[in-house]
Structure formats: structure tokens, C-alpha cells
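Below are some comments on the model you sent, set out as numbered points. Please read them with the sequence and the structure open beside you.

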Amino acid sequence: MPLMSGGEALVESLVREGVDVVFGIPGIHMSGIMAALRDESRIRMITTRHEQACAHMADGYARVSGKPGVVLVVPGAGVYNAASGLATAYARSSPVLAIAGQIPRGQIGGGSGSYHEVLDQASIVQPVTKWRRQALTPREIPDAVAEAFHQMRTGRPRPTLIEIPPEAGVERDDVVLYDPAPISRLVPGPDQLREAARVIAESRLPLIYAGGGVALSNAESALVALAEATNIPVITSAGGKGVISDRHPLSYGSCFAPWGEQDEMNELFEVMQAADVVIGIGARFSLGNPAAESSSLININIDDAEIASVHANTLPLHGDAKATIEALLPFLREAGAGDRPSPVEAVVAARRLIAYADIRRQEPQYPILESIQRGVPEDAHIVWDVTQFGYYARTHYQVNHPKTYIDSGYSFNLGFGVPTALGAKVAHPDRPVLCVSGDGGFLFNAVELATAVQYGIHVVTVVFRDDAYGNVGRDLDELFGGTYETDLHNPDFVAFTESFGAVGLRAGDPMELETLLPRALECKSPVVIDVPIGNMPLPRGKFMSVAVALPWNRPQEGLISD
């Protein structure tokens, strides 16, 4: 057993797990760890200006690399600050290891007012982490790291937490180091797969509903193979956007229906309701049942807590998306599921209807999205912050490469875009990375331009500036008789960006993005494009009917109403 400090044991354990970068902020409780990171050339540390940003960066890194991201924060306030980033990672089932400092171990739980003390610190992030542990001595650290990575690599991946007190980082002891544990992909039994294949083969109008679990399992190619082998068309959830190319002849596109108003939100639900069998793959169905009551739901999911809670007539297949699809394909061939006529003509016709023939003329958001689409390469990673263009992109932006569409999931964490994009760029430095944000969200983490310049993380950020929290202001005005305190005082974003040593550009019109984006992507520097924009109306028709019916816009069952 090697004699090592706790900090050295932590860093060596991270190296063994394949970690090459840590996002964080140094602090006095972390000195032993920082010294070990300084002396380890196989891991680099990126220091951010706020703990929220380092958690978001670790999330962005994890989502495009497929490897867990690692964030290092001081105890107390540092954990609180990082919690919102962990919440977004939790919402998108992203594997992020948070390594948090602690107060000296003899003072933990004492309530003595030690620097950065928070009683029961792990409880701060309990709702947004899958697993938590204190490692109080050097000997406990390698085992804690090994278990954290095992938790993130098995079952449903989500954030984990390890707490380490300051003396554990500097004390030296004989430690046992671990190699990464082998991971076996979970696959349902042959009887279950054979029954699922029979139901699919006998179906009249089957449909695949693909969620984010497809990407988490790296099952994109397997999904396409399933669709093509059975001639079954695919709809993706917002989390699954990109798992099949929007150009694929069997792809209907992405369906985004917030707040459960499914039939009012998207014509794709009419397609889903017509299906007699829905094959759900890696989808939570958190916003309701996508299948008609009389249909069957074959639910492939790694999370057994999600697998049978949606639809009465469910055939659960508890397993990893990629491994389960690959194991199902031979049974489908045996059952003759590939003899179904091609539905491509029907899919193309439906997509033509779904595309809203007059949308370009009626909704100003659509041509602006088209200008972005024409201005960036297809394989660019795009992080959509919580802004109207982000909502709109969930259904209308075309995605043709896996893991290139990144959003906040159900956490809707305003301001997550900039640091998440930085993390994505760290993971794929040779790929273009774009952040699309509003002015309100941009300023949440705009100071991370300093981090981007310091470490040469060349992300392009588009800031749509209406000098307001525009969505909230518009809804108050249209639905509640007038806006209130939603106007913002913004800096000159070009001058602000240039003050960090980055490049600032300004569009005279949003449609100029088609030419400004290629220019920005050629810069060897972080770039911010200021895009002044007027009030964006809520898309009319079904979008508007949903806005009026949102649960926070009307009294709910059990509440007094006149």
C-alpha cells in the first residue's frame, strides 16, 4: 500500500477513473488537495469566478464527452453556490462528481461557528444528487471515489457528492487505490424481449418515443438500426433531441410539451395518440402519458422507478437503452417485425403539416432560428439558455448530430448557458460551441468571460438583448393587465466583452447572425455577439392557448375562486 496524503490519494484516484480536468475554486479548506493537483500533470484545473459556473461547466463537459465531470468547491457557501448547477445536471441525468470541502472533522455537527460551517452540509444537495459520502481520512478517499464513479456509471447517471475535511487532505497514510470497476450493461431477460417483439410485430401503427436516455447510453446508432429494421418512425422528447437526425426519413422531429398541455401544444401528439404501440426508450414521461389509453407502452428504461408508472398497459423492459435495443433486434427479426410497409411517405406528409406552412411569415422567431442554422456548422454544440429562443428551438431547430443540442431540462436554470458552453468546449476544443442566451440570463454568469480568456476557451455567445426579462414582462402584460419591474439596465455588451480581452460584435439586425456567426467562429478568442431585438410576441395559435392555460395563470383545484 502506498503512503500518500489524502490529497494525493484523491488526485490519483481521479486519474485512474479517467479524469483529465477539474473545475473549481481554490480555498483554505482544500490546500492539501490543491497541492496534489498542482503536482499532477495528468489533470488540469480550471478556476472559475463562481461555484455555480464550475458546476455548470462540469455538466457541459459531461454531456458532450460522455465522461463524468468533476467540480471542486469549498464547504458551506461554496456548496450552496454550486447547488443550482448540480440541479441542472440532475434534471438532465448528467454525471457530475462534486468534491466539497468540510470543516475540521472534530467540529462537524457541533454548531460551533467554524469557518464555512453548515450543519448537515450534504443535505443541501440531497434532492439533486444520487449518492453522497463523507471521506474523513486518507484511507477512506479512494473507496469513496470508486463508489462515486460506480454510481455515475451504473443505473441512471446523476450527480454525486464527496465531502473531505481539511486535515484529510494533508494527513499521510497507507492507502489502497482502486482501478475502475467493470461495468455490465443491464439487459432484460429473453422472455421479456420475445414478448415485446411479438407485440411490436403484431402492431398496426407503432411509434418510437426516444428520450435523453438514448444519448446517455450512446445508443444513437442502435436507435437508428431499430427504426430502420422495423420501419417504425421516431419522435424524440426535448431531452432526446438529436438522438436521430431530423433529416432521417423516419424522424418526425422533437416534441416539447411543457406543463402537460400535450394535445394543445404540438401536432406530434396527434401522431402519438394514433399509435397502437408506443416504444419508449430512455424517456421519463414526466409530463404525462404519450400514448392513447387503448395503446400499449413498451417502456425501455434503466431507471426502474420510472418504468411502470406512466401507462396502465405497460410492458416494462428494465435495461440499458443501447444493450436492450441490440438484444431486442434478433427477436424482432424472428417475429417478422421488419415486414411492415415503409411509413416514410406518411412521415414526410406529417412533417410537412407539422412544419406550419405559414410559420415563417407569422412568427418572427422562426427566420431568426434559420439564420443561426445557416451560420453555424451542423456539428456545432449549441447550448440554449432559458430564453424564448431556447424554448422555441426545442421543436423548431433542426439537429442532425448526436449530443449537439444542450438545454437545461426541467430545471429551467436561467443563466446556465455560458458556463455550460465553456465546459462543452473544454471537452471538445476542436468543435464549434455556441451559446444562445437572453440579456437577463447572460449576466448571471457573464463574468466567466474572464475564465474563458484566461484558459483560451473560445466559445461564441449570442445575446438577444431586449433590455428586459422579456418573456415574463410580455406574459404579465398580455395576461395580467400590465408588466411590473421586468425592465433591465444593461451595460454596453460589446465594451463589456472587450474589457475582458474577448471579442465583442454587434448585429444591426438579428438576421445578420447568418454572416456574423461564421466570422465569430473563426476568431481565436471568446466572442459575444450583441443582438438588439424588440419585443418577441408569443407564437400564436396553440402556443398562445397553452400560455393562457398554464397552471400559474389560473386557480387550481382546491383553491378558492370566484
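**Notes on the predicted model**

1. The chain has a mean pLDDT of 89, with 89% of its residues reaching 70 or more. Since this is a predicted model, I would keep that confidence in view while reading the points that follow.

2. Two stretches deserve separate mention. Over residues 258-265 pLDDT stays under 50, and the model has 25 contacts beyond four places in sequence for this stretch; over residues 541-545 pLDDT likewise stays under 50, and here the model has 13 contacts beyond four places in sequence.

3. On the overall architecture, the chain contains 23 helices and 20 strands, and 58% of its 562 residues count as buried. Among contacts in the chain with a separation of 6 or more, 72% are between residues 24 or more positions apart. The area that the chain exposes is about 22600 Å², of which carbon and sulfur atoms supply 52%.

4. At the start of the chain, methionine 1 lies in the segment before strand S1 (3-5). Methionine 1 counts as exposed because its relative accessibility is 64%, where the cut-off for that class is over 50%. Together with Val176 and Tyr178, Met1 forms a nonpolar patch on the surface, and the accessible area of the three together is about 300 Å².

5. Valine 19 sits in the loop between helix H1 (6-16) and S2. Is valine 19 buried or exposed? Its relative accessible area is 9%, and valine 19 is therefore buried, the limit being under 20%. Leaving aside residues up to four places away in sequence, valine 19 touches Leu14, Arg42, Ile43, Val70 and Phe149. The C-alpha atoms of valine 19 and arginine 44 are 9.3 Å apart in space, while the two residues are 25 residues apart in sequence.

6. Strand S2 (residues 21-24) follows a simple division of its side chains: Val21 and Phe23 point one way, Val22 and Gly24 point the other way, and all are buried. The strand that pairs with S2 here is S3 (residues 44-47), in the parallel sense and over four bridges. Within that pairing, arginine 44 in S3 is the bridge partner of valine 21, and arginine 44 is also the residue whose C-alpha lies 9.3 Å from that of valine 19.

Terms used: Residues are numbered from 1 along each chain as its sequence is written. This is a predicted model: local features need pLDDT of at least 70, side-chain atom pairs count only at pLDDT 80 or more; totals for chains, interfaces and linings use all residues. Side-chain values use heavy atoms; hydrogens and water are left out. pLDDT is the predictor's confidence in each residue, from 0 to 100. Contact means heavy atoms within 4.5 Å. Patches are made of residues with over 30% relative accessible area and no salt bridge: like charges are joined within 9 Å, nonpolar side chains (Val, Leu, Ile, Met, Phe, Trp, Tyr) within 5 Å. Accessible areas come from the Shrake-Rupley method with a 1.4 Å probe; for residues, only the protein chains shown count as cover. A salt bridge is a side-chain nitrogen of Lys or Arg within 4 Å of a carboxyl oxygen of Asp or Glu. Helices (H or I, at least four residues) and strands (E, at least two) are DSSP runs, numbered from the N terminus. Buried means under 20% relative accessible area, exposed over 50%, partly exposed in between (1.4 Å probe, protein chains only). Two strands pair if DSSP finds at least two bridges between them.
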